[in-house]
Amino acid sequence: MIITRSWLNEYINLTDVSNETLYETFNAIGLEVDSLNQINIADKVVVGKILSVEKHPDADKLNVCQIDVGSGIRQIVCGAANVVDAKYVAVATIGAVLPGNFEIKHAKLRGVESEGMVCASSELGLPDTGKGIMILDESMGTLEVGRELGSYVRVEDTIIELELTANRGDCLSVYGVARDLSSALDIEMKAFEVKVEEKMKLGIAREAELRSEGQMDADLYYKLAKVENINVNFLISLRLAMVTVETEGSLSALLAYATHATGVILRAYDSDFFRNEDNKVSVLPKNVESGITDVNAEKGLASVVGVSQTDASKANDETSELLIEASYIHPDTLVEAVHAKSLKTDALYYKTSRGSNPDLVFGLSTLALLLERDMTIACYEGSLNVNVEREQERVKVDAKEISAIVGMEIEISKIVTILQKLGFEINTLGTDVISVLVPLFRHDIKHIQDIAEEIVRIIGINNIEAKPFVFAEQFRLNATTDRYKAKKSFRNAAIGVGYFENVSYVFSDKVLLEKYGFAVTDEDLALANPIAEDLNTLRSTILVNMLNTVKRNVSYTKKSIPLFEIGSIFGSKREEHEVISFVFSGQVEGENVRNAGKPKVIDFESFTQKVGAVIGAFTLEPCSYENGLLHPYQSANVLVEGKVIGFISKLHPSVQEEFGIPVTFIAELDFSALLPKHINAHGISKFQGVYKDLSVVINKDLLYFDVAKVLHALESPMIKDIYPVDIYEDEALGDQKSLTIRFFIQSMEKTLEDADIETVMADVMSALETQCQATLR
């Protein structure tokens with residue numbers, strides 16, 4: 001954002017404020033000064049009045065001018081074509097030394113004496129205001145022939161470039177910057193009141209109409225005016241050059257100047273574009289969707305509020321009747337909609353997207369004043385308006401809380417003064433407590449911490465007393481820290497049994513996920529800008545990413561690839577939960593003397609043991625999961641405390657072949673189900689227990705899992721543990737098999753007697769005979 005000192009001075013009195021103070025103040029309040037350039041006009045450059053202009057007798061492109069420079073009339077030869085249109089000009093008299101150490105001397109040009117030089121802006125060290133010489137007028141101040149040009153403060157100005165953070169759209173105008181200075185320097189803003197005489201007694205409603213459609217998001221004000229001789233004065237041209245705003249034509253320059261001054265978004269339309277069959281100006285705003293408001297005429301689209309304007313609707317310097325629009329739309333609503341629709345934007349979108357000034361009357365009044373000063377204008381009485389009811393943010397502010405955040409005591413009166421100067425409205429709620437109504441131009445203010453930041457900005461970080469840091473530790477252990485500790489514990493356990501941690505993106509290849517039967521994100525929730533073609537959706541399993549890692553490691557000639565990863569996966573609605581995933585591919589261990597350089601390949605038993613070494617005890621049951629990675633015969637549900645938490649499986653042979661990897665086993669488990677839970681202590685028996693084996697014959701197709709369910713259902717208090725120790729099949733048993741189960745039996749009350757043991761075993765055998773059709777072997 002570029003401003004000038006004299007432009008700021010139109011809104012706040014800086015007479016007693018030095019440039020050094022301005023520099024320090026801007027930096028202190030967070031408006032970092034990128035550059036500060038004091039313009040210095042050379043001595044002996046004065047205001048001259050052209051008395052006559054005649055063609056050079058011996059050069060078609062030169063003119064011979066008679067110019068009053070105060071100390072006398074000087075003959076000066078000038079090559080600028082626009083000198084014939086000038087009355088007052090800047091003249092470098094003999095002895096002046098211009099930038100580049102260029103000294104003005106008496107000269108003779110093509111045989112004609114010349115006693116000075118009529119100057120263009122760039123020749124004086126000013127920004128380039130266009131082709132030809134500067135044509136001065138009283139916009140820069142009262143013109144006095146012979147007065148040093150450097151004595152005009154609006155010419156010998158200070159140009160200040162500020163670096164603004166993205167949330168400070170309120171300072172993208174001279175007025176907005178002046179408002180911050182007013183609070184920081186404790187100087188009142190100058191009163192701004194414009195009364196433009198509406199010379200046409202005809203009301204705007206007779207000539208124009210406005211019919212809106214839909215729930216409007218944008219505030220709109222329209223004025224209708226007849227204009228003649230649109231032109232721009234010297235000061236406007238100079239200041240726009242100083243702030244590096246380029247425009248095409250005088251009307252465009254006036255609009256840009258008013259917008260840069262006030263922060264209000266202004267556009268000008270040719271009223272003929274909006275005239276309907278009845279020759280009435282008909283403005284038809286329509287809310288297309290949230291954040292997108294089209295301004296239409298019966299002929300078609302004129303503009304999208306805050307975004308762009310069609311060429312057909314634009315007014316230019318030849319337009320005789322203008323429809324002038326001031327608009328405001330909340331930047332958050334606008335930016336989201338423009339991004340979603342990928343709309344083409346123009347230069348004004350930068351201001352609207354960061355937050356423009358909602359005081360539309362202020363912007364229109366400023367523009368009207370500019371138009372009335374330098375041209376003939378006749379405005380219709382009244383305006384056409386669209387006003388949107390908006391709920392502004394309210395923040396409850398306690399002086400004690402602000403003081404605690406800032407680190408020094410700040411009185412409520414000081415807080416109120418600062419906020420009021422910044423444009424906030426204040427309501428008192430009680431002693432040292434106020435309610436702050438946040439203005440629309442500060443859409444970034446949401447919480448008391450934001451208010452505290454404003455207070456710190458204006459007071460100045462260097463003015464806050466330094467204090468030693470006081471560290472009072474609070475109890476911060478909670479579910480998050482418990483989860484972190486559990487995660488760390490599982491990582492250490494996995495690494496301890498030989499796994500390597502895999503780290504992959506939370507994105508995956510949509511094609512692969514669909515191919516192997518995993519969920520993919522719904523289309524309306526799909527990634528807008530994937531980071532890569534093969535990472536184009538949120539992952540619904542980590543295993544696909546880990547198999548790609550295995551593939552890369554195989555290409556690096558790795559023979560044993562044990563991996564684990566703890567991370568988030570997502571459902572079709574982007575619902576998120578954490579899992580821990582394991583992949584073990586290739587050899588179960590490295591080549592060594594013990595295995596004679598020929599280690600065995602990972603198998604179901606080895607993999608299950610290695611997973612158990614990480615997560616602890618679990619049981620298996622027939623697999624109920626369905627996806628393309630699972631082996632049809634070597635897969636199972638994993639149960640912890642009787643609840644299914646995931647699956648464990650050999651990788652399907654076809655998938656193994658597609659990835660070009662050796663024998664591989666996979667597992668993916670719900671991480672939350674593995675988190676350690678509080679367990680109440682149980683008594684430990686002081687009496688000796690006994691192990692008892694039971695061998696039975698059962699149907700060959702009956703799984704141990706089904707047998708175990710029957711045994712656990714007994715809930716015998718003396719049975720402490722149950723596990724299989726032998727399964728035997730041969731031709732003599734036919735369609736049956738032998739199963740040996742070991743029981744650990746212990747009493748909490750006494751030393752077991754044979755009768756007690758026989759009773760327990762009798763109950764076990766009875767249950768097996770009844771529910772499993774088992775017979776004693």
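In this predicted model, Tyr-691 counts as exposed, at 56% relative accessibility. Phe-744, by contrast, is buried, its relative accessible area being 19%; the value falls on the buried side because the cut-off for that class is under 20%.

A search of the whole structure turns up 14 aromatic pairs. A helpful starting point is that a pair of aromatic rings is described by the distance of the centres and the angle of the planes. Among the pairs found is that of Phe-607 and Phe-665, with ring centres 5.8 Å apart and planes at 35°, so this pair is tilted. Phe-607 belongs to helix α16 (residues 604-615) and Phe-665 to strand β35 (residues 664-670), so their pairing ties together parts that are 58 residues apart in sequence. Both rings come from buried residues: the relative accessible area is 0% for Phe-607 and 1% for Phe-665.

Tyr-691 and Phe-744 also form a tilted aromatic pair, at 4.8 Å centre to centre and with 40° between the planes. Here two strands are involved: Tyr-691 sits in β36 (residues 690-699) and Phe-744 in β38 (residues 736-745), so the contact ties together parts that are 53 residues apart in sequence.

Aromatic residues also appear in other arrangements. One aromatic cluster is made up of Tyr-11, Tyr-175 and Phe-362. In addition, arginine side chains are found over ring faces: Arg-147 lies over the face of Tyr-152, at 3.8 Å from the ring centre, and Arg-179 lies over the face of Phe-441, at 3.8 Å from the ring centre.

Key:
Residues are numbered from 1 along each chain as its sequence is written. This is a predicted model: local features need pLDDT of at least 70, side-chain atom pairs count only at pLDDT 80 or more; totals for chains, interfaces and linings use all residues. Side-chain values use heavy atoms; hydrogens and water are left out. Rings of Phe, Tyr and Trp (its six-membered ring) pair if their centres lie within 6.5 Å; planes under 30 degrees apart count as stacked, over 60 as edge-to-face and the rest as tilted. Helices (H or I, at least four residues) and strands (E, at least two) are DSSP runs, numbered from the N terminus. Buried means under 20% relative accessible area, exposed over 50%, partly exposed in between (1.4 Å probe, protein chains only). A charge sits over a ring if NZ of Lys or CZ of Arg is within 6 Å of the ring centre and within 35 degrees of the ring normal.
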